[in-house]
Amino acid sequence: MEINIEQAPFIREIVETTSNLYRLGWDERNGGNITYLLNEEELTPYLDITEAKRNIPMEFDGSALSGKYFLATGSGKYFKNVASAPSQNLGIIRVAKDGKSIDVLWGLENGSLPTSELPAHFMSHIARLSVNPNNRIVMHCHATHLLAMTFTHPLEERALTRTLWQMCTECLVVFPEGVGIVPWLVPGTNAIGEATAEKMKTNRLVVWPHHGIYGSGENMDETFGLIETAEKAAQVYTIVQAQGEIKQTITDEQLRQLGERFEVTPRAGYLEG
């Protein structure tokens, strides 16, 4: 009996995540995109992986991901529609042997394409896999308060990281390596993908000024939670700034104590003293 692929755990995960991203206002219209690295064993109960629906050329050398499978959101697709029509808004793709194209195995109906940020996602996957072979998710969204901070806060990685760490106790524990920042660049280009991937070698969170944020992780919950934690800190910062003068905050000594208690190492040089 054929199993409905829309009931597969990986499809249900991305449906729930895209719905939450839209509900939170972080992915308005067709903003945001997700790619999810899958393995063959996950797919074969639901899909004939020998049969490709079509092939799409890429202006990017994806040979480092040759033969790998990804679940990706579609280009121009609204996250609010993913739950009601997964096969129209998502696609399962495989990187061709030469890395110059992708095969569509499922979804992306009516000639749809995967996210226009696919090169940036693939570059980030390559970067993260080089330091963590278990990394599977790359997620981009327009987290509201983080985006707002890029207009008012110095765009310097140490300064932004320290501010976020000082806003919520769990931040240092969740992203002890801090956040990366790239310059403003045109989205959908190899240039922004290359800049993001370079930061992804040392950071799981990368801020795109005046645009949004990229996050990566081993699973959907970790990646969503990573962005969610940084966004909560940015929201607290926004509220604190509106309230007036800061009278107290988490100190560097307290941040050190947090690191020791939860066995994480704050990024070298980011704490005073």
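The exercises below treat the pockets, one annotated residue and the domains of a predicted model.

Residues are numbered from 1 along each chain as its sequence is written, and side-chain values use heavy atoms, without hydrogens and water. Local features need pLDDT of at least 70 and side-chain atom pairs pLDDT 80 or more, whereas totals for chains, interfaces and linings use all residues.

**Exercise 1.** Describe the largest pocket by volume and lining.

Solution.
- Step 1: the volume is about 270 Å³. A pocket is an open set of points on a 1 Å grid over the protein atoms alone, where a 1.4 Å probe fits, with protein on both sides within 12 Å along at least five of seven lines; lining residues have an atom within 4 Å of a point. Volume is the space filled by probe spheres set on the points.
- Step 2: the lining has 14 residues, and Pro57, Met58, Glu59, Leu118 and Pro119 are the closest to the centre.
- Step 3: strand S2 (54-57) and helix H4 (118-131) each supply at least two lining residues. Helices (H or I, at least four residues) and strands (E, at least two) are DSSP runs, numbered from the N terminus.
- Step 4: by class the lining has 8 nonpolar, 5 polar and 1 charged. Ala, Val, Leu, Ile, Met, Phe, Trp, Tyr, Cys and Pro count as nonpolar, Asp, Glu, Lys and Arg as charged, and the others, Gly among them, as polar.

**Exercise 2.** Do the same for the second largest pocket.

Solution.
- Step 1: this pocket holds about 200 Å³ of space.
- Step 2: 17 residues line the second largest pocket, with Asn30, Gly31, Gly32, Asn33 and Ser116 closest to its centre.
- Step 3: its lining consists of 1 nonpolar, 12 polar and 4 charged residues.
- Step 4: domain 1 (1-115) and domain 2 (134-272) each give at least three residues to this lining; the bounds come from an automatic or database domain assignment.

**Exercise 3.** Is glutamate 117 buried or exposed, and which residues does it touch?

Solution.
- Step 1: an unreviewed UniProt entry annotates Glu117 as "active site"; such annotations may be inferred rather than shown by experiment.
- Step 2: glutamate 117 sits in the loop between strand S5 (101-107) and H4.
- Step 3: glutamate 117 is buried because its relative accessibility is 6%, the limit being under 20% (exposed is over 50%, partly exposed in between; 1.4 Å probe, protein chains only).
- Step 4: leaving out residues up to four places away in sequence, glutamate 117 touches Asn33, Pro187, Gly188, Ile192, Trp208 and Tyr214. Contact means heavy atoms within 4.5 Å.

**Exercise 4.** How are domain 1 and domain 2 placed?

Solution.
- Step 1: their centres, taken over C-alpha atoms, are 27 Å apart.
- Step 2: 22 residues of domain 1 contact 17 residues of domain 2.
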